[in-house]
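Open the model in your viewer and keep the selection box ready. This tour goes stop by stop: what to select, then what is there.

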Amino acid sequence: MQTFEIKEDFLLDGQPIKLISGAIHYFRLPQSQWEDSLYNLKALGANTVETYIPWNIHEPKEGEFNFERMNDFTAFVALAQQLGLMVILRPSVYICAEWEFGGLPAWLLKEPGIRLRSTDERFMTKVKKYYDALLPKILPLQISNGGPVIMIQIENEYGSYGMEKAYLRETKQLLENAGITVPLFTSDGAWNEVLDAGTLIEDDVFVTGNFGSHSKENSAVLQAFFEKHGKKWPLMCMEYWDGWFNRWGEPIIKRDAQDLANEVKDMLKVGSLNLYMFHGGTNFGFYNGCSARGNTDLPQLTSYDYDALLTEAGEPTEKYYAVQQAIKEVCPDVWQAEPRTKQLDSLGSYPIDTSVSLLNTKETLAKAVPTAYPMTMEQVSNGYGYVLYSLVLKNYYHENKVRIIEASDRVSVYVDETYQLTQDQTTIGEEFMIQGKTESEEIQLDVLVENHGRVNYGSKLNNPTQTKGIRGGIMQDIHFHQGYLHYPLPLSAEQLQLIDYQAGKNPAHPSFYQVSFDVTEPVDTYIDCSAYGKGVVFVNGINLGRYWNRGPIYSLYCPKDFLNQGANEVVIFETEGVEIHSLDFLIEPKVEQSV
């Protein structure tokens, strides 16, 4: 049985070892990619892999747990061990990671006023129930029990959010009471304010830093923090940022390969590191995260390529070879090899001639939920995707002003089934004018609300704007309207089966487009979305994620795992009134020029 300890050095079976690690998130990769990605990490010269464990995918509904297929982190860890890699696990209930709500499940928001990441009894009770399901799966994976897991994280960058040490200690106690015996750690930025607030150094919990440049300077800050508290610990950067994430409508961020290699050498000379990300992968489904800049939320892309050492699809980049050489220069005895490569292909082009308006098939898609005042997305659904709010206003036969009060994140308004306008977080609440038909006593108002993704970092985690849908109401003239029908649209595979394509098409409406085709041999490929407006694409019921003509990426990655040999179905939900005529596959992503 192996041992791992943290003293003045990292000690594996009593012998000093430098940790050379890379981040691979099992939940962002199809299972067939796990082995190649882990092998390429090993071939880089690494001895460790790091991964988060997101609460929201493992407990998608409160009390219902999912550890199957892409969620089977134990299989991922076992595969890493087979390839000779140690594992750092980060099962903290908050992960950031540019992941929806930082990994926190949306159903937490059904609890009014709950204080996240705190000792709020309501929050910690839910954490404990989750850990009761999760931690027994981790116990046998520890190195002390014959597995490859050497360290486990208590909380993630807590010093960038709070300073409640009682919360950190309560979380630590939950881990230890469950039987976690490997060293625990925290990770925070490398400056004193966040290190003071977010660590448990006074409780002898190992402290790591997160940064991606100025290795010597940031390591010196960590070293001084250790010395101030009388610790003689090895230095480790738990997130060595080798690239960066991207947001809609902004240029792609790139980092020079040799610049990264030089900084990696500097870091390895003084300590250990975990490359974040080694392989970024994809934010499939509705799991993209969201940044916050002041009062503005900035949703992130479906692609989590991150300009990492492997591309989104898993191909080695220039950075891979530069960093591999840097590791060899500092650690000449490491085992290295040529990485595995893969072949992507196009599956051709297929015409689309089947579509239906959402407004015509809404009754088959979802059972309408009637209420006097609007319910939020979390109340009426699972908190992801869309909700269509339908209401009937009295027609006063002249223009009436309407306001939508407190809604997140984007609303599209249809008056008597005619598109009126779209508002986002910068304009929601502003009044607009509507006018009904002269021959009708009523005005039909349909409002499609989209959840763009909840923030994954910073002060807005507890902000009411992270509760999606309509929180306030809809005003006609200067009074709140009463009487709503809700059509929840999480767009699960089961819900997609309820679409009635015979109900009537209208490309000016939000619409579903369907195409069927045969595949002789499934391959990794991309779907060209450059001629589309905004929406999501489903391949055989699996949500590939969002596309948007704002860019900077105009395609969606489609792994071969999601395709069938033989018959396949693609459904596109297009919300912008752009008529879609074809499904086109690409060999490589369609991307704006990077900066």
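## Stop 1: a four-stranded sheet

Select strands 21, 18, 23 and 24: in that order, these four strands form an open sheet with antiparallel pairing. Strand 21 (432–434) and strand 24 (479–480) stand at the edges. Each has a single partner strand, so one side of each is left without a neighbour in the sheet. Bear in mind that this is a predicted model.

Now pick out strand 18 (residues 400–408) and strand 21. The two are antiparallel and pair over three bridges. Which residue of strand 21 stands opposite Lys401? Met433 does.

Next, select residues 374–489. UniProt lists this range as "domain: Beta-galactosidase 1-like first all-beta", in an unreviewed entry. The span is 50% strand and 3% helix. Its end C-alpha atoms are 15 Å apart.

## Stop 2: a hairpin

Go to strand 19 (residues 410–415) and strand 20 (residues 418–423). Five bridges pair them in the antiparallel sense. Click on Tyr414, then look for its bridge partner in strand 20, Tyr419.

How many residues lie between the strands of this hairpin? There are two. Select Asp416 in the hairpin: Asp416 takes a positive phi near 50 degrees. For context, most residues other than glycine have a negative phi.

## Stop 3: a five-stranded sheet with a helix across it

Select strands 15, 26, 31, 28 and 29. In that order, the five strands form an open sheet, and the pairing is antiparallel. Which strands stand at the edges? They are strand 15 (354–357) and strand 29 (542–548). Each has a single partner strand, so one side of each lacks a neighbour in the sheet. From one strand to the next, the twist averages 20 degrees.

Zoom in on strand 15 and strand 26 (residues 511–519). They run antiparallel and are joined by four bridges. Ser357 has Ser511 of strand 26 as its bridge partner.

Add helix 10 (residues 358–365) to the selection. Helix 10 lies across strand 15, strand 26 and strand 31 (566–574). The helix runs at about 85 degrees to strand 15.

Then select residues 510–568. UniProt annotates this range, in an unreviewed entry, as "domain: Beta-galactosidase galactose-binding". The span is 56% strand and 0% helix. Its end C-alpha atoms lie 23 Å apart.

## Stop 4: two helices that cross

Move to residues 10–329. Here the UniProt feature is "domain: Glycoside hydrolase 35 catalytic", again from an unreviewed entry. This span is 33% helix and 19% strand, and its end C-alpha atoms lie 21 Å apart.

Select helix 1 (residues 31–44) and helix 9 (residues 318–330). Their axes come within 9 Å and cross at roughly 40 degrees. Helix 1 and helix 9 are therefore oblique to each other.

Show the side chains at the contact. Helix 1 contributes Asn40, Ala43 and Leu44. Helix 9 contributes Tyr320, Val323, Gln324 and Ile327. By class, the contact has five nonpolar residues, two polar and no charged ones.

## Stop 5: an aromatic pair

The structure holds 40 aromatic pairs. For one of them, select Tyr39 and Trp335. The ring centres are 6.4 Å apart and the planes stand at 75 degrees, so this pair is edge-to-face.

Why does the pair of Tyr39 and Trp335 tie together parts that are 296 residues apart in sequence? Tyr39 lies in helix 1, while Trp335 lies in the loop between helix 9 and strand 14 (349–351), so the pair links those two parts.

## Stop 6: backbone details

Most peptide bonds are trans. Two stops here show cis bonds. Select Tyr276 and Met277: a cis peptide bond joins them, with omega about 0 degrees. Met277 is in strand 11 (residues 272–279).

Then go to Gly551 and Pro552. A cis peptide bond joins these two as well, and omega is about 15 degrees. Pro552 sits in the loop between strand 29 and strand 30 (555–558).

End at Glu157. Phi of Glu157 is near 50 degrees, a positive value in a residue other than glycine. Glu157 is in the loop between strand 7 (149–156) and helix 5 (165–178).

Terms used. Residues are numbered from 1 along each chain as its sequence is written. This is a predicted model: local features need pLDDT of at least 70, side-chain atom pairs count only at pLDDT 80 or more; totals for chains, interfaces and linings use all residues. Side-chain values use heavy atoms; hydrogens and water are left out. Axes are lines fitted to C-alpha atoms, for helices over the stretch in contact, and angles run from 0 to 180 degrees between N-to-C directions. Angles under 35 degrees count as roughly parallel, over 145 as roughly antiparallel, 65 to 115 as roughly perpendicular and the rest as oblique. Contact means heavy atoms within 4.5 Å. Ala, Val, Leu, Ile, Met, Phe, Trp, Tyr, Cys and Pro count as nonpolar, Asp, Glu, Lys and Arg as charged, and the others, Gly among them, as polar. UniProt positions are given in the numbering used here, feature names are shortened, and annotations may be inferred rather than shown by experiment. Two strands pair if DSSP finds at least two bridges between them. Rings of Phe, Tyr and Trp (its six-membered ring) pair if their centres lie within 6.5 Å; planes under 30 degrees apart count as stacked, over 60 as edge-to-face and the rest as tilted.
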